[in-house]
Structure formats: C-alpha cells, structure tokens
Amino acid sequence: MAKIGITELVLRDAHQSLFATRMRTEDMLPILKKMDQVGYWAVEMWGGATFDVPIRYLNQDPWDRLREIKKAMPNTNLMMLLRAQNVVAYRNFPDDIVENFVRLAQKNGIDVFRIFDALNDLRNMEVPIKSVKGTGAHCQASVSYTISPIHTEEYFVKKMLKLEEWGADSICIKDMAGMISPKRAYDIIGGYIEAGGKCPIDLHAHSISGMTGMAYQRAAEAGVSVVDCDISPFAEGTGHPATESTVYAFKGTEWDTGLDMELLMEIREYFRTVFNKYRHLIRIEALRPDPSIVLHQIPGGMMSNLVSQLEMQGAKDKLDAVLKEVPVVREELGFPPLVTPTSQVVGVQAVMNVLFGRYKNIPRETKDYVMGMYGQSPGPIRDEIKEIVLGPEWKSMIITGRPADSLEPEFEKRKKELEEMGLLKQEEDILTYAIYPQIGLKFLKGEASPEFTSEKLPLPLDHPQTRAMVKSFFPEVKDIYLYEEEPKGGGPVSIPTEFDVEVDGEMFEVKVSPKGGFMVAGGEGGAPAPPKDVEGGFKSPMQGNVLSIKVKEGDAVTEGQVIMTVEAMKMETEVKIDRAGTVKQIFVQSGATVATGDLLIQVL
Ligand code: CO
C-alpha cells in the first residue's frame, strides 16, 4: 500500500504561519462538514499558538473550539501539536500537568497527538508519549529537523528508531524552518526504513526554501506515508505545499491519495474568502519563497525579530554583525535548532554580544538553557562557555537529569486556587490557568476583550492594527495619518505603541517607547519627564521594561553591581552600574518602559 495520506493544516499551522493564528472559530465552522467528507489522514486544528491566541486576543475558549470542530467532523482524525513537556506554552511543566492536559484533550476530541521537543531531547518526550498511549489515541512522535554538523542522517534515524521503540504509532519529520532538501528527505526516510524502521512516516515541511514540493516527491519515493499540506489559498511561502497540487501531482501514480479534486475545489473557494478577510494581517514576504534560509538558517520570523530588536535598541546598522554572530553563538550553545524557544535564546544572545561585547550581558534564559533547564543541547557545550555564562560555580549549577524531574506537581494546587476564586466551571479551566497563569486567569474572569470580531473583518484603514501593519511595511515612515482624519484639537495623532512581533509564527507583544519621530496619544497626567542628563547620570544601555530596581536612594554602589533587572527582547537581563558611588536619585519606576539612553539613576 503505497497510497499517501494528507494531513490538512489549514485550521492550525497555516494561519499560524501566515497571520499569527488569528482565524476565528466562526470562520472554520461553515466548511467543516465538507472537509469531513474528504478523507484526510488527519486535520490538524489545535496546539501550538491556537491555545494562546484565542484566550489572549480573541476571547474564545480553545476547548470550545475543539469540541465544536469535533462535533462537526466526526469522521475525521483531529490532530494537535503538543510541545512535549512544554504542552502548549514555552516552559517545562510538571508531569501531572502534561498527563491531565493529554487526558482532557483526548476526551474533548483529539485523535492524533503530534509530539515534539525543540532540542530533540527524548527525555522531554517520554511522559507525553506515555500519556498519549494511556488514552488510546494515536501517538505521533516527531524529530525536529535542522541543519548542523550534529544533525546527520544517522542522528535522525537513531532518534526515530528510539521513538518507535517507545511505542510511537507514527513518526513525524518536522521541518519547521522549511529547510529540508529532496535529498535529505530521501536519505533520512530511506535510512530509517533500511535500518528496520516500521512506523509510518509523516513529513511536515514549510515551503520557505521553495523546494518542499520536490522534497515531498522524493519522500514518496523513499516510502513516506503522509505529507502535510494547506488548502491552496493558505499554501506556500511560510505555509506548506498546496493540498490540491499535491493530490494532483500524485494522481495516477503508485502514491495516489485518492482524494476528490472537485470537493477540494469547493473547500478552496471557501478559504479564498476567509483569506481575504485576514489579508491585512499578511506580510507579502510571507507568501514568497526565501531560499536564503538554507545558507544562514535563520527562519523568517527570527530574522524579522532580530531586525525589530535592533531597531528598538537603536542599532539597526549592526544587523550584519548580528547575522555573523548568530552561527557562532549557535555553535557555542551546541547547535540547537533555531525554533521557539531556542531561536530566541540564540538570537538575543547574539544581539547582546554585538551591542555590549561577547557574553558581557547574559539574559536569564541563556543561563537556563546552559544549565539544562530546556533539556540537553544537541551538541556539547564547551566548559569554557559554561563558565562564562554561569560563572565559576557552573559545575554545581548544571542539571543532568530530565528538567521536569525538578518540578513540583501543580494540578491540584491550581485547581484549589481556581476553586477559591470561584472560577472553576470545567476541569479544562484548571489547565488554561496552569499553563497561562496571567492571561488564562484574565480570560477565565471574563476580562479578556476580543481585538476585533470576525464580522468586522477586513479591518478599516484607521484601525490601530492596520496602522501597525503600515509601520512594519514602511519603517522609515515617521508619522501615520489619514487624509479624512481631522487632527483632534491640533493635538498629536495617536499611534500604537504596542506591537505584535512574530517569532516563528508565535506572536509576542512588544512595547515601543516614545522617541524622536514617534508621537504618543494622551500625555495628560503621568509623571513629569525625567531630565535628559544630570551630573553622575547613568543611562539605560538598552530598550526594555524595568522589572525590578535593586537599589534605593542613599545606597552605596560598587562598580559592576546590579542596579536593575530589565526585560529586553522578551528576556530578563541585569543592568550593572559602571562606577562606584552613592545613589542620589532614581528616575524610573518598576514597570516603566525605558529606551536606550534614557536616564536611569544618578550616582555621585
Ligand atoms: Co509547522
């Protein structure tokens, strides 16, 4: 049976890759009956950012979406993407959270769990695999694909055989950066089968490099069982090969999918309309191939993030230096795949190294990574790097066991907290709260407000999100106003100061601090602006949010002492004073947004 199956990604990865996971449940429901007749191997519709975005931006319950889709598609296997021990977020969770999450996801309708760990640390996948097996659902275990001297064909084949041994029902080769070449796809799949591998293989590859269709053909020749596609209006670019094109390409061959082209065309017509509703959220670059990825290996999301981080730090001219620094840091950190969260660790460390000197400024996340809190690095990290990052005590700081072993159970504790707050309406809420304590709680309290409803789409020109898009397309634009708009009382035109920055398809909120050229709404109230400079003034070396202030007025400080922690580029970093003296005045409060060069404290 060489027939190839299709996993349709339009309800999850496609819109996560193209427009930051913003598709609403109501834009999915009308077409599900038709999709249920197609005979896909699976439809991926949950996991990854589809948990975060609905509670953060849409005021929709992700569990409701799961139940509604299940009800409308009783004949189709529903798939979710599970970030192994990270579940549907970015940190390791204790085992009881993983187990309960899997149990309830299966109970509400998930048939296929695709599990991956960014570092391919199989210890992070053990409990998720066991949990899925325990529910009787299909367990698809993944290897995260990347290119490095460590990530050889043998490396992948060995990992795949191990996952099979652990009971995987199928294995996914997950090429989230879209870098797999036809030869590599053929060699890895062929190598696994030759080594006696028996699990069906599902190839998941994004189209960025422009060669993914060819990779699917070679994968078929090597014996792949399933390939991942998007219905054509959502296909290619940062998405995946088109479903209809793939179906037609295999038609009449030994790999014929058997899917009905006419039916797919009807589904295509529907999604063309949906795509048009969301078109204002799509960057034109996301629709085209970018073959440069195979050379620098920096995924598009990470690249735009680096650019915006440098912009915020006022150092856009350093981009070339940062692009050269990324592979050096990646090697020093043992060649992690550049995917969330490790892309963030490598990217920000590279930016810090260029701006402040190599490892002069080390965010907490880099330390956590080197300590082994995310899992084991794919390749070794040299002792000298460990010492630079963690300090002279590094040997006692390294975790050699499975990261989650050091975590206390959380489920009962979170349950009790929700009960005490009177917010426990369904068991699923415990997980929403445990996994996203801040935004989850806000959502459960009914305080989340949807950014806009589906009926309002596409957005009008004067919507802040439309303006944010214009800014991102034309960064040189200093001011944005519309011709129809009367400036209110001659006052400043309001421009959004909070932007969403996409990293590997995940959205992060970024605050832009007012600086020359930007005008900010309001202005009434608030603290008086601090002076530009004073004698003994110490200025912020970076843009970020002040998390905590470690000194108070009258304190004596020594050179190199930590005076504040700042969240910059989504990472927590320490600000050290460059001189000794006495703190005379502090110009910022914790929670404040500071720009590079803003006065922080006065030390005399
Ligand atoms: Co993907």
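How many salt bridges does the count come to in this structure? Hold that thought for a moment, and let me say what we are looking at.

This is a predicted model, in which local features need pLDDT of at least 70 and side-chain atom pairs count only at pLDDT 80 or more, while totals for chains, interfaces and linings use all residues. Residues are numbered from 1 along each chain as its sequence is written, and side-chain values use heavy atoms, with hydrogens and water left out.

Back to the opening question. The count comes to 34 salt bridges, where a salt bridge is a side-chain nitrogen of Lys or Arg within 4 Å of a carboxyl oxygen of Asp or Glu.

Here are a few of them. In one, Arg56 is joined to Asp52, with the closest N and O atoms 2.7 Å apart. Both residues sit in helix 4 (residues 49-58), four residues apart, about one turn of the helix. When I say helix or strand, I mean DSSP runs numbered from the N terminus: H or I of at least four residues for helices, E of at least two for strands. The two partners sit in different classes of accessibility: Asp52 is buried at a relative accessible area of 4%, and Arg56 is partly exposed at 27%. Buried here means under 20% relative accessible area, exposed means over 50%, and partly exposed is in between, using a 1.4 Å probe and protein chains only.

Next, Arg67 and Asp64 form a salt bridge at 2.9 Å, N to O. This pair belongs to helix 5 (residues 62-72), three residues apart, again about one turn of the helix. Arg67 is partly exposed at 27%, and so is Asp64, at 34%.

Then there is Asp405 with Arg402, also 2.9 Å from N to O. Asp405 is exposed at 55% relative accessibility, whereas Arg402 is buried at 11%. Elsewhere, Arg91, Glu410, Arg414 and Glu417 are joined into one network by salt bridges that share partners.

Now for a charged residue without such a partner. Glu8 lies in strand 1 (residues 5-8). Which side chain of opposite charge is nearest to Glu8, and how far away is that side chain? The answer is Arg12, 11 Å away, and Glu8 is buried yet has no salt bridge. For charge, Lys and Arg count as positive and Asp and Glu as negative, with His and the chain ends not counted.

What does the Glu8 side chain meet instead? One polar contact is with the side chain of Thr243, at 2.7 Å. The backbone nitrogen of Val10 also lies 3.0 Å from a polar atom of the Glu8 side chain. A polar contact is a pair of N or O atoms within 3.5 Å; within protein, one must be able to donate a hydrogen and the other to accept it, and residues adjacent in sequence count only if both atoms are side-chain atoms. Leaving out residues up to four places away in sequence, Glu8 touches several others, including Met35, Tyr40, Cys229 and Asp230. Contact means heavy atoms within 4.5 Å.

Let's stay with strand 1. In a regular strand the side chains alternate between the two faces of the sheet. Here, Gly5 and Thr7 point one way and Ile6 and Glu8 the other, and all are buried. Strand 1 pairs in the parallel sense with strand 8 (residues 226-229), over four bridges, and Thr7 stands opposite Asp228 there. Strand 1 also pairs in the parallel sense with strand 2 (residues 42-47), over two bridges, where Glu8 stands opposite Val43. Two strands pair if DSSP finds at least two bridges between them.

Another sheet has four strands, is open, and runs in the order 15-14-12-17 with antiparallel pairing. Strand 15 (571-576) and strand 17 (593-594) stand at the edges with a single partner strand each, so one side of each has no neighbour in the sheet. Strand 12 (residues 544-549) and strand 14 (residues 562-568) pair over four bridges, and Ser548 has Thr565 of strand 14 as its bridge partner.

Last, the metal. Which residues coordinate the cobalt ion? They are Asp13 through OD, and His204 and His206, each through NE2, at 2.0 to 2.2 Å. Donors are N, O and S atoms within 2.8 Å of the metal (3.2 Å for Na, K and Ca), and sites may look incomplete because water is not among the atoms. The spacing of the donor residues in sequence is D-x190-H-x1-H. His204 is buried at a relative accessible area of 0%, and His206 is buried at 5%.
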